[in-house]
Amino acid sequence: LEDGIITNIIDVLNPRALSILPPSLNLDSTLRLKVQTRARQQGPARVGLVFEQITVSPQKFLGNDVSFLPSPTIDLPAFNSAASAESPAYFDIEYLDEDLLVIQQNTGGGVDGGIFIQVRVDPSREPVPF
């Protein structure tokens, strides 16, 4: 199999220091991380991961739109063993069909991985805010 590129978008909301302020002040702060990962099949149900780069995009700061600020991209160091079968960066596919994917993150070497359920959505629909 050829390598595949995965882009994971993570919105980091309100730093812990802001949690002591009343929510009515509307001082939301959001930082968006775009993590680019290369995925490679390691077995019938295992996908190995190599993390390649992270783009950091400020979205809001103390309630103000700051998405116009630069979004630096940081290249992550490459490790030769990252795509090998011994690498701790992988997930196992537990279930897969046309609309549903269930994966379990790495659980080897004393690491407690998580179970993630992903549902296919219509890309023409606006995401539901949380």
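Strands are DSSP runs of E covering at least two residues, numbered from the N terminus, and two of them pair if DSSP finds at least two bridges between them. With that in hand, let us walk through the structure together. What you see is a predicted model, in which local features need pLDDT of at least 70 and side-chain atom pairs count only at pLDDT 80 or more, while totals for chains, interfaces and linings use all residues. Residues are numbered from 1 along each chain as its sequence is written, and side-chain values use heavy atoms, with hydrogens and water left out.

How confident is the predictor? Its confidence in each residue, pLDDT, runs from 0 to 100. The protein has a mean pLDDT of 80, with 78% of its residues at 70 or more. Among the elements, strand S5 (residues 73-75) has the highest mean, 94, and S1 the lowest, 82. Where pLDDT is low, the predicted coordinates should not be read in detail.

A good place to start is strand S6 (residues 90-96), which runs antiparallel to strand S7 (residues 100-105) and is joined to S7 by five bridges. The connection from S6 to S7 is a hairpin of three residues. Across this pair, Leu96 faces Leu101 of S7. S7 also pairs with strand S8 (residues 115-119), again in the antiparallel sense and over five bridges. Here Gln104 has Ile115 in S8 as its bridge partner.

Leu101 deserves a second look. Leaving aside residues up to four places away in sequence, Leu101 is in contact (heavy atoms within 4.5 Å) with Ile93, Tyr95, Leu96, Phe116, Ile117 and Gln118. Leu101 also belongs to the largest nonpolar core, together with Ala39, Val47, Leu49, Ala89, Phe91 and Ile103. At least two residues of this core come from S3, and at least two from S7. Such a core is a set of buried Ala, Val, Leu, Ile, Met, Phe, Trp, Tyr and Cys residues joined through side-chain atoms within 4.5 Å. Buried means under 20% relative accessible area, exposed over 50%, and partly exposed in between, using a 1.4 Å probe and protein chains only.

Now for the charged side chains. How many salt bridges does a search of the whole structure find? The search finds three, each being a side-chain nitrogen of Lys or Arg within 4 Å of a carboxyl oxygen of Asp or Glu. In one of them, Asp11 and Arg32 bring their closest N and O atoms to 2.6 Å. Because Asp11 lies in strand S1 (residues 4-13) and Arg32 in strand S2 (residues 30-41), the pair ties together parts that are 21 residues apart in sequence. Asp11 is partly exposed at 28%, and Arg32 is partly exposed at 27%.

Another salt bridge links Arg38 with Glu52, whose closest N and O atoms are 2.7 Å apart. Arg38 lies in S2 and Glu52 in strand S3 (residues 46-61), so this pair ties together parts 14 residues apart in sequence.

Asp92 and Arg46 also meet in a salt bridge, at 2.7 Å from N to O. Asp92 sits in S6 and Arg46 in S3, so the parts tied together are 46 residues apart in sequence. Asp92 counts as buried at 18% relative accessibility, whereas Arg46 is partly exposed at 28%.

Finally, visit Ser29 in the loop between S1 and S2. Is Ser29 buried or exposed? At 7% relative accessibility, Ser29 counts as buried. The Ser29 side chain reaches the backbone nitrogen of Leu62 at 2.9 Å.

Technical notes: Helices (H or I, at least four residues) and strands (E, at least two) are DSSP runs, numbered from the N terminus. A polar contact is a pair of N or O atoms within 3.5 Å; within protein, one must be able to donate a hydrogen and the other to accept it, and residues adjacent in sequence count only if both atoms are side-chain atoms. pLDDT is the predictor's confidence in each residue, from 0 to 100.
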